[in-house]
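Subject: The structure for you to look at

Hello,

Here is the structure I promised to hand over. Please open it first, and then read on for what turned up in it.

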Amino acid sequence: MRLSRRAILFAAVVLAGSATSAAAQSARGGLRHRRSGSGPADAAAPHERIPVGADDRQAYDLYRPDAAGPILAYVHGGGWAHGDRSMVHALPDFAARHDLILASIGYRLVPEVTPREQAQDVAAALADLVRRYPGRGLYLMGHSAGAHLAALVGVDPVYLAEHGLAPSDLAGVILLDGAGYDATGDRGTGFAGQILTRLYDEAFGDQAAALSPTLRIAPGVPLPPFLIFHIASRADSRAQSEGLARVLQQAGGQAEVIVAPGDSHREINVGFGQPGDPQGERAARFIAQAPR
């Protein structure tokens, strides 16, 4: 029976989470329970929709616009074909604790557009934030497919150049368990490999190399520092993260890779920024480097 694309995407997320050992699941049982209440409903925190294009998805939701600290611009995941900007989970609370402005960026979805247009949507939102908050430190963060888009905008000058900006205008880039940093690379074997191949082929088509951040890094182009998280149970995410960091460093950039040993693909995102979450606290220290 031919699986629908939604079923394939769901299976990919389930596989990513289920690979963690039973012992690790037991050790983090309390944290998983604490995280389970955090989800898209957190978008109920006060916010304003800021359009940056004609399509309703070409917009960002602005939380805490009067905060004194840097800006955290978040790009949601969803396999390039699903999700929306309401998927902020614990980020409004995280932003409040660290006095950050939070912007949750929406973008058009595959198959109506390709990741190229999605990256253009992200860049348009960032440019609007720069105009709204000139001189403020701007950090770009994404999860899963959103991490791919954040990385692409963070390394390939073409997207921000449309708005008179450059990747170096970003104070930093934070990636959560991303995929597709090199969409031409090894996708694994078995059912998981079939899932990745299906997702990548439907998103990138014959443009995989042109839309792979790892392959778009050019020596001599000033880049922001990168903080790259991946879960321990995903071999593909580990390889993608380490490969991206290695090329960034070879090009003279800064990149640190951090393993989240007890999280699934979903948990690293849902739990990010909750009180005591180690990934959120590490990112908060990274963000604290921004100018005020």
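Helices and strands here are DSSP runs, numbered from the N terminus, with at least four residues for a helix and at least two for a strand. Counted that way, the protein has 11 helices and 8 strands. Please keep in mind that this is a predicted model.

Some overall numbers first. The protein has 292 residues, and 55% of them count as buried. Among contacts with a separation of 6 or more, 78% are between residues 24 or more positions apart.

Now to the strands. Strand S3 (residues 71-75) is mostly covered, with 5 of its 5 residues buried. In a regular strand the side chains alternate between the two faces of the sheet. In S3 both faces are covered: Ile-71, Ala-73 and Val-75 are buried on one side, and Leu-72 and Tyr-74 on the other. S3 runs parallel to strand S4 (residues 101-105), and 5 bridges join them. One pair to look up is Ala-73, whose bridge partner in S4 is Ala-103.

Strand S6 (172-176) is mostly covered as well, since 5 of its 5 residues are buried. Gly-172, Ile-174 and Leu-176 point one way from S6, while Val-173 and Leu-175 point the other way, and all are buried. S6 pairs with strand S5 (residues 138-143) in the parallel sense over 5 bridges, and Tyr-139 stands opposite Gly-172 there. S6 also pairs with S7 in the parallel sense, over 4 bridges. In that pairing, Ile-174 has Leu-227 in S7 as its bridge partner.

Leu-227 comes up again with Ile-258, a residue of strand S8 (residues 255-260). Is Ile-258 buried or exposed? Its relative accessibility is 16%, so Ile-258 counts as buried. Apart from neighbours within four places in sequence, Ile-258 is in contact with Leu-227, Ile-228, Phe-229, His-230 and Arg-282. Phe-229 is 29 residues from Ile-258 in sequence, yet their C-alpha atoms are 4.8 Å apart in space.

Two helices are worth a visit. The 16 residues of helix H9 (residues 235-250) should span 22 Å at 1.5 Å a residue, and the end C-alpha atoms are indeed 22 Å apart. The buried residues in H9 are Ser-237, Gln-240, Ser-241, Gly-243, Leu-244, Ala-245 and Leu-248. An α-helix has 3.6 residues a turn, so residues three or four places apart point the same way. The buried residues of H9 pack against helix H6 (145-155), strand S6, helix H8 (190-204), strand S7 (226-231) and S8. By contrast, Ala-235, also in H9, has a relative accessibility of 61% and therefore counts as exposed. The C-alpha atoms of Ala-235 and Arg-187 are 9.7 Å apart, with their positions 48 residues apart along the chain. After H9 comes Gly-252, with a positive phi near 95°.

The other helix is H5. Its 18 residues should span 26 Å at 1.5 Å a residue, which agrees with the 26 Å between its end C-alpha atoms. Many residues of H5 could be listed as buried; among them are Gln-118, Val-122, Leu-126 and Leu-129.

H5 also leads us to the empty space inside. Searching the whole structure gives 1 cavity of 30 Å³ or more, and the largest cavity has a volume of about 40 Å³. Its lining is made up of Leu-126, Ala-127, Val-130, Leu-138, Leu-160, Leu-165, Ala-166, Asp-169 and Leu-170. Which helix gives the largest share of that lining? Helix H5 (residues 115-132) does, with 3 residues. By class, the lining has 8 nonpolar, no polar and 1 charged residues.

Finally, some backbone details. Most residues other than glycine have a negative phi, and most peptide bonds are trans. Asp-99, in the loop between helix H4 (91-97) and S4, has a positive phi of about 55° although it is not a glycine. With 28% relative accessibility, Asp-99 counts as partly exposed. Ser-144, in the loop between S5 and H6, is not a glycine either and has a positive phi of about 60°. Ser-144 counts as buried, at 12% relative accessibility. The peptide bond from Val-110 to Pro-111 is cis, with omega near 10°, and Pro-111 is in the loop between S4 and H5.

Enjoy exploring!

Best wishes

Note on methods: Residues numbered from 1 in each chain as written. Predicted model: local features only at pLDDT ≥ 70, side-chain atom pairs only at ≥ 80, totals over all residues. Heavy atoms only, no water. Buried < 20%, exposed > 50% of the residue type's maximum accessible area, 1.4 Å probe, protein only. Contact = heavy atoms within 4.5 Å. 1 Å grid on protein atoms, 1.4 Å probe; cavity = no way out; pocket = protein on both sides within 12 Å on 5 of 7 lines; lining within 4 Å. Points joined across faces, edges and corners; volume = space filled by probe spheres on them. Nonpolar A, V, L, I, M, F, W, Y, C, P; charged D, E, K, R; others polar. Expected span 1.5 Å × (residues − 1). Pairing = 2+ DSSP bridges.
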